[in-house]
Amino acid sequence: MTERGWRRPFEAPIRIGDRVLVTLLDAGEYIAALPKKEHAAPEWQAATDALILVAEGGGPTMFARIGVVRALNRHDVPEFNPKGKEPHWGGAS
């Protein structure tokens, strides 16, 4: 049976500036302390849902960690490199 509870640690802590979220409870408290407008963002709502599911229903803490990290990085836009990587096949030039 999978361990349950808010005190379960993440596999790898989440670093936010000087703060480190080590457990599901740490992440829940961080989200609860966000300004109301930010807390209401769909990404944070999804992260909250994932935290509750993992803490109360069991399952891998990685699911909750992914939710929190995605919410933290929601404004990051990946850059597209049109050139991309050179193919690895072919002879030496």
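Here is a short conversation about the predicted model shown above. Local features need pLDDT of at least 70 and side-chain atom pairs count only at pLDDT 80 or more, while totals for chains, interfaces and linings use all residues. Residues are numbered from 1 along each chain as its sequence is written, and side-chain values use heavy atoms, with hydrogens and water left out.

Visitor: Happy to be here! In what order do the elements of the protein chain run from the N terminus on?
Guide: Welcome! The protein chain has four helices and two strands, taken as DSSP runs (helices H or I, at least four residues; strands E, at least two) and numbered from the N terminus. Their order is β-β-α-α-α-α.

Visitor: How are H3 and H4 oriented to each other?
Guide: The axes of H3 (residues 42-57) and H4 (residues 61-72) come within 8 Å and cross at roughly 165 degrees. Axes are lines fitted to C-alpha atoms over the stretch in contact, with angles from 0 to 180 degrees between N-to-C directions. Angles over 145 degrees count as roughly antiparallel, so H3 and H4 are roughly antiparallel.

Visitor: Which element supplies the largest share of the largest nonpolar core?
Guide: Such a core is a set of buried (under 20% relative accessible area, 1.4 Å probe, protein chains only) Ala, Val, Leu, Ile, Met, Phe, Trp, Tyr and Cys residues joined through side-chain atoms within 4.5 Å. This one has 18 residues, with Trp44 and Leu51 among those touching the most other members. Strand S1, helix H1, H3 and H4 each supply at least two residues. The largest share, five residues, comes from H3.

Note on methods:
Angles under 35 degrees count as roughly parallel, over 145 as roughly antiparallel, 65 to 115 as roughly perpendicular and the rest as oblique. Buried means under 20% relative accessible area, exposed over 50%, partly exposed in between (1.4 Å probe, protein chains only).
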